[in-house]
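Colleague: Could you take one residue of this model, look closely at its surroundings, and then work outward to the elements that frame it? I would like one connected account, with each cut-off stated as it comes up.

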Amino acid sequence: MGETISITSVAADKFAFPAYHAAPTGERKGGVIVIQEIFGIDEHVKRDVDRWASLGYEAVAPALYERREPGFIAHHDEAGIKAGIAHAMGTPREQVLADIAACRDYLKDKGKVCIVGYCYGGSFAWIAAGEVGGLAAASSYYGSMVQANATLKPMCPTIVHLGRLDAGIPADAVKAAVEAANPTVPVHIYEDAGHGFNNEDPARHAAQSAELARQRTLELFERA
């Protein structure tokens with residue numbers, strides 16, 4: 001359904017990065033920025049972009065590691081995780097936010113712009129809600145940096161999704177930190193889900209929780 005386009009990060013370094021893009025089908029509801037996991041713009045990210053497009057949203061997923069390794073895509077194995085974490089840690093926060101702002105600017109003339117992110121992207125969906133203006137709503141999935149940034153004040157309606165079985169992210173501690181600083185932000189914990197439960201990799205996917213989280217996200221975006 002989608003295609004690769006180029007978007008220029010004007011606020012950062014004028015770098016033109018690729019983004020996977022899909023046009024909406026049916027009634028247009030706005031735009032969605034989809035922020036990747038650590039593995040790059042792989043088949044799972046593209047499938048998610050296509051899914052949002054099928055729900056009426058023009059969707060773009062920026063390739064956030066392009067300056068470090070053009071075309072980076074990693075497998076969900078030890079080597080892929082190691083490579084993805086290295087790129088995540090080596091990519092400046094300000095650069096990521098500038099690229100998100102560039103995606104917002106690409107979409108904003110066509111209606112409201114929402115953001116959703118998973119894993120690495122879940123962290124930056126949360127951070128962008130607090131630091132990037134002009135977003136209509138944000139949905140953060142299992143971001144490891146949410147707890148450390150819990151005191152950020154989202155500038156748009158925001159929701160957080162966490163898996164109870166996520167060994168790397170303490171769901172109760174994240175929920176407590178977010179609610180202490182932002183008591184109106186819904187934080188949902190999915191009891192049967194681990195890390196990456198929206199990803200359709202059979203080793204990670206929790207179909208029932210993924211569907212419920214997507215429905216909550218869709219309702220948030222439609223209200224925005």
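Modeller: Aspartate 50 touches Met1, Gly2, Tyr20 and Ala22, leaving aside residues up to four places away in sequence, where contact means heavy atoms within 4.5 Å. This is a predicted model, in which local features need pLDDT of at least 70 and side-chain atom pairs count only at pLDDT 80 or more, while totals for chains, interfaces and linings use all residues. Residues are numbered from 1 along each chain as its sequence is written, and side-chain values use heavy atoms, with hydrogens and water left out.

Aspartate 50 is found in helix H1; helices (H or I, at least four residues) and strands (E, at least two) are DSSP runs, numbered from the N terminus. Its relative accessibility is 18%, so aspartate 50 counts as buried, given that buried means under 20% relative accessible area, exposed over 50% and partly exposed in between, with a 1.4 Å probe and protein chains only. Aspartate 50 and glutamate 3 are 47 residues apart in sequence, yet their C-alpha atoms are 9.9 Å apart in space.

Valine 45 belongs to H1, which spans residues 43-54, and with a relative accessibility of 7% it counts as buried. The contacts of valine 45 are Val34, Gln36, Glu37, Gly40 and Ala61, again not counting residues up to four places away in sequence. From valine 45 to glycine 2 the separation is 43 residues in sequence and 11 Å in space, C-alpha to C-alpha.

Moving outward, an open sheet is formed by eight strands in the order E1-E2-E4-E3-E5-E6-E7-E8, with mixed pairing; two strands pair if DSSP finds at least two bridges between them. Strand E1 (3-9) and E8 stand at the edges with a single partner strand each, so one side of each has no neighbour in the sheet. From one strand to the next, the twist averages 25 degrees; for such angles, axes are lines fitted to C-alpha atoms, for helices over the stretch in contact, and values run from 0 to 180 degrees between N-to-C directions.

Within this sheet, E6 (residues 137-141) pairs with E7 in the parallel sense over four bridges, and serine 139 stands opposite isoleucine 159 in E7. E5 and E6 also run parallel, joined by five bridges, and tyrosine 118 has tyrosine 141 of E6 as its bridge partner. Both faces of E6 are covered, with Ala137, Ser139 and Tyr141 buried on one side and Ala138 and Ser140 buried on the other.

Helix H3 (residues 93-107) and helix H4 (residues 120-131) pack at an angle of about 75 degrees, their axes 10 Å apart. That makes H3 roughly perpendicular to H4, since angles of 65 to 115 degrees are classed this way, with those under 35 roughly parallel, those over 145 roughly antiparallel and the rest oblique. H3 contributes Arg93, Val96, Leu97 and Ile100 to the contact, and H4 contributes Tyr120, Phe124, Ile127, Ala128 and Glu131. Aspartate 99 is also found in H3; this residue is buried, with a relative accessible area of 0%, and it touches Ser9, Phe17, Leu64 and Arg67, residues up to four places away in sequence not being counted.

Helix H5 (residues 171-181) has Ala171, Val174, Val178 and Ala181 buried. Seen down the axis of H5, these buried residues fall within an arc of 115 degrees, so they line one face of the helix; the arc is that of the directions from the helix axis to the C-beta atoms. An α-helix has 3.6 residues a turn, so residues three or four places apart point the same way. What covers the buried residues of H5 includes H4, strand E7 (158-163) and strand E8 (187-190), and H5 lies across E7 and E8, running at about 170 degrees to E8.

Two loop residues complete the account. Lysine 14, in the loop between E1 and strand E2 (15-22), has a positive phi of about 65 degrees although it is not a glycine, and at 57% relative accessibility it counts as exposed. Cysteine 119, in the loop between E5 and H4, likewise has a positive phi, near 60 degrees, but cysteine 119 is buried, with a relative accessible area of 10%.
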